[in-house]
Amino acid sequence: MSIKIGVIGCGKIAQVRHIPEYAANPHVEITGFYDVNRERAEELAKKYGAAAYASYGELLADKEIDAVSVCAANNAHAEISIAALKAGKHVLCEKPMAVTLEECEAMVSAAKEAGKYLMIGQNQRLAKAHVKAKELIAAGAIGKVLTFRTIFGHGGPETWSVDPGKNVWFFDKSKAAMGAMADLGIHKTDLIQYILGEKIVETQAVLTTLDKRDASGEMIGVDDNAVCIYKTESGAIGTMTASWTYYGAEDNTTVIYGTKGIMRLYDDPKYSVKVIYVDGTETDYQIDQIQTNDNQTSSGVIDLFVKCLVEDTPPEISGESVLQAMRAVFASIRSSEEGRAVRV
């Protein structure tokens with residue numbers, strides 16, 4: 001069975017993740033490309049034997065196309081995804097899902113009404129150590145979870161763009177809406193709920209701009225650091241830190257503290273899961289290494305999306321399943337603005 005795919009937005013994430021991973025999947029035929037930079041879409045179309053479209057509407061009007069990847073800037077996610085769903089296409093949308101909660105909910109509603117799949121690129125859920133951690137915690141390996149800390153920080157998105165430098169769209173509030181929180185914070189917010197198997201119900205957050213400047217030397221208009229104190233349904237509390245100012249090694253670690261021990265994820269160069277028990281004994285799991293911006297491996301997201309289409313099974317990382325994480329993100333923004341704890 002061949003799934004015909006259209007790619008909307010041909011920037012860095014499309015070029016290093018979506019397009020090569022589709023091209024490597026035996027069930028996929030990349031049929032079309034659209035990008036605001038027409039030349040970029042045409043170059044890719046030539047490379048992959050596909051068509052370049054003059055608008056995303058024209059691509060969506062192509063009856064041949066079964067599904068699309070939405071890799072545009074954050075502010076366009078909802079508009080394009082909803083249009084695609086209404087046009088009868090399944091949608092894989094990059095994170096953050098959208099820039100307001102209303103937009104996120106409208107995307108989920110559109111998918112239900114169209115009877116089509118909406119999947120969001122929350123690839124942290126697919127990292128093998130995270131899958132193992134979820135299993136271990138559900139089995140009670142570290143007892144009742146009391147506290148946690150989860151971090152995602154690197155030196156910023158300046159190099160992570162097709163047009164690198166200080167003018168990246170990530171720094172433009174009109175396109176990105178949020179900064180490190182939308183880029184990295186949504187990943188770890190979604191992840192901690194996934195691993196613990198429970199929702200975040202309260203947040204106290206600080207979103208701030210500490211160091212990043214645009215090409216004119218002005219401080220950027222979005223946050224370059226976000227620190228949130230999250231409370232879960234069971235009463236566990238922990239911190240989620242997202243940062244674009246970790247100038248050195250990337251940090252993508254999670255540590256979970258329970259009544260019977262501590263679990264450390266991607267915190268050791270050899271063992272991606274370490275469980276340290278109350279009596280000092282350890283169980284270590286050598287599973288995989290976390291990918292970084294400099295060391296890209298297959299995300300697993302594309303293959304999972306294609307598998308859902310081939311087997312006609314709803315995606316686990318559905319828009320609906322990501323809604324609560326987006327609610328926590330928007331509540332955190334409000335918390336930072338109002339200087340108080342906010343219920344999610």
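Helices (H or I, at least four residues) and strands (E, at least two) are taken here as DSSP runs, numbered from the N terminus. The model is predicted, so local features need pLDDT of at least 70 and side-chain atom pairs count only at pLDDT 80 or more, while totals for chains, interfaces and linings use all residues. Residues are numbered from 1 along each chain as its sequence is written, and side-chain values use heavy atoms, with hydrogens and water left out.

**Salt bridges**

A salt bridge is defined as a side-chain nitrogen of Lys or Arg within 4 Å of a carboxyl oxygen of Asp or Glu, and the structure holds 17 of these salt bridges. Three of the pairs are listed below with their N to O distances.

| Pair | N to O distance |
|---|---|
| D190 and R125 | 2.7 Å |
| K132 and E135 | 3.9 Å |
| R343 and E202 | 3.7 Å |

In the salt bridge between D190 and R125, D190 belongs to helix α8 (residues 180-196) and R125 to the loop between β6 (118-120) and α6 (128-138), so the pair ties together parts that are 65 residues apart in sequence. Both D190 and R125 are buried, where buried means under 20% relative accessible area, exposed over 50%, and partly exposed in between (1.4 Å probe, protein chains only).

K132 and E135 are three residues apart in helix α6, which separates them by about one helical turn. K132 is partly exposed, with a relative accessible area of 25%, and E135 is likewise partly exposed, at 47%.

The salt bridge between R343 and E202 links distant parts of the chain, with R343 in strand β15 (residues 342-343) and E202 in strand β8 (residues 200-208), 141 residues apart. R343 counts as exposed at 57% relative accessibility, whereas E202 is partly exposed at 25%. Elsewhere, salt bridges that share partners join D268, K274, E282 and D284 into one network.

**Helix α5**

Helix α5 (residues 101-114) has 14 residues and spans 20 Å from its first C-alpha to its last, close to the 20 Å expected at 1.5 Å a residue, the expected span being 1.5 Å times one less than the number of residues. Its buried residues are C104, M107, V108, A110 and A111. Seen down the axis of α5, these buried residues fall within an arc of 160°, so they line one face of the helix; the arc is that of the directions from the helix axis to the C-beta atoms. The face of α5 turned away from this buried side carries the exposed residues E102, K112 and E113. What covers the buried residues of α5 includes α4 (77-86), β5 (90-93), β6 and α10 (319-338), with contact meaning heavy atoms within 4.5 Å. Just after α5, G115 takes a positive phi of about 65°.
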